[in-house]
Amino acid sequence: MNPIHVMIVEDDFMVADLNRQFTESSGNFIVDKVAYNGAEALAFLTKNVINLIILDIYLPDINGIELLKIIRKRDFPSDIILITAAHDADTVKESIRFGVFDYIIKPFDMIRYQNSLSSYFCCLKSLESSETIDQARVDIVMAGASKKQDLISSLPKGINLSTMERIKNILEYIKGEIGIDDICSTMPVSRITAHRYLEYLVDDGFLEKKFRYQHIGRPLTVYTRKGY
């Protein structure tokens, strides 16, 4: 799947930079533009194709909901995640009416944001995996956000959904034995964290755990994908 091109629209320089860092650390996402007002965002959209817009509502020149309406009226092929301090019911309902993918209320934590990006990526991946889409796949995509939240709620303490999905994506390309170093060499996590996720994926049935006995010392723990 091609990288997802992102524009962040946020007037606070510090918040905009944090959102950029969060986005790029999620993998599969490239931030092409940080716009600090609505006019700058619209000027960029007229010349560039952006897959996903991270949009604040309180902008210095135009309300984010009005910008959302303009984006829809001009038929820019962009999906939108709103990140804002606005949390009144009317604003939320209006943003849903104009087709935002997600609505995140400030202040938020990185896990909530990365889970939203992960859900968006999974939806796109599901839609792009086939030229024709049957009802079952449509149902999965349309219900993706709520099902994702149910999965997040069921995860044990210390297991983050976006991190787990990144690790599973790494493991998809390993056909033999898997060790902790395979995870640590690919993404910035500690050996303890990598071990915790590998053990969880064993309990979840995604991996199998085996012990390779050596001539000296303790047996070496290795993991394999089921079926390999």
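## A walk from the sheet to its helices

Let's start with a pair of strands: strand 1, residues 4–9, runs parallel to strand 2, and 6 bridges join them. One of the residues involved is V9, whose bridge partner in strand 2 is A35. Please keep in mind as you look around that this is a predicted model.

Now widen the view to the whole sheet. It is an open sheet of 5 strands with parallel pairing, and the order across it is 2-1-3-4-5. Strand 2 (29–35) and strand 5 (102–105) stand at the edges; each has a single partner strand, so one side of each is left without a neighbour in the sheet. On average, neighbouring strands of this sheet are turned by 20 degrees against each other, direction ignored. As general background, strands of a sheet pair through backbone hydrogen bonds, and the pairing can be parallel or antiparallel.

Which helices pack on the sheet? Helix 3 (residues 64–73) does, touching strand 1, strand 3 (52–55) and strand 4 (79–84). Its direction makes about 175 degrees with that of strand 4. Helix 5 (residues 110–128) packs on the sheet too, and it touches strand 1, strand 2, strand 3, strand 4 and strand 5. The direction of helix 5 makes about 175 degrees with that of strand 5.

Helix 3 deserves a slower look. At its N-terminal end sits the cap, N63, with a side-chain oxygen 2.8 Å from the backbone nitrogen of I65. The buried residues of this helix are G64, I65, L67, L68 and I71. Seen down the axis of helix 3, these buried residues fall within an arc of 155 degrees, so they line one face of the helix. Their cover includes strand 1, helix 2 (38–45), strand 3, strand 4 and helix 4 (89–97).

Follow the chain out of helix 3 and you come to D75, in the loop that leads to strand 4. D75 is not a glycine, yet it has a positive phi of about 60 degrees. Is D75 buried or exposed? With a relative accessible area of 64%, D75 is exposed.

Helix 2, which helps to cover helix 3, can be read in a similar way. N37 caps the N-terminal end of helix 2, placing a side-chain oxygen 3.2 Å from the backbone nitrogen of A39. Within helix 2, the residues G38, A41, L42, F44 and L45 are buried. Viewed down the axis of helix 2, they fall within an arc of 160 degrees, so they line one face of the helix. What do the buried residues of helix 2 pack against? Their partners are strand 1, strand 2, strand 3 and helix 3.

For a last stop, go to the loop between strand 5 and helix 5, where you will find F108. At 22% relative accessibility, F108 counts as partly exposed. Leaving aside residues up to four places away in sequence, F108 touches N19, F22, I83 and Y113. F108 and A85 are 23 residues apart in sequence, with 9.6 Å between their C-alpha atoms.

Finally, step back to the chain as a whole. It holds 10 helices and 7 strands, and 41% of its 228 residues are buried. Among contacts with a separation of 6 or more, 58% join residues 24 or more positions apart. The accessible surface of the chain comes to about 12,900 Å², and 54% of that belongs to carbon and sulfur atoms.

Key: Residues are numbered from 1 along each chain as its sequence is written. This is a predicted model: local features need pLDDT of at least 70, side-chain atom pairs count only at pLDDT 80 or more; totals for chains, interfaces and linings use all residues. Side-chain values use heavy atoms; hydrogens and water are left out. Two strands pair if DSSP finds at least two bridges between them. Helices (H or I, at least four residues) and strands (E, at least two) are DSSP runs, numbered from the N terminus. Axes are lines fitted to C-alpha atoms, for helices over the stretch in contact, and angles run from 0 to 180 degrees between N-to-C directions. Contact means heavy atoms within 4.5 Å. Buried means under 20% relative accessible area, exposed over 50%, partly exposed in between (1.4 Å probe, protein chains only). Accessible areas come from the Shrake-Rupley method with a 1.4 Å probe; for residues, only the protein chains shown count as cover. The arc is that of the directions from the helix axis to the C-beta atoms. A polar contact is a pair of N or O atoms within 3.5 Å; within protein, one must be able to donate a hydrogen and the other to accept it, and residues adjacent in sequence count only if both atoms are side-chain atoms.
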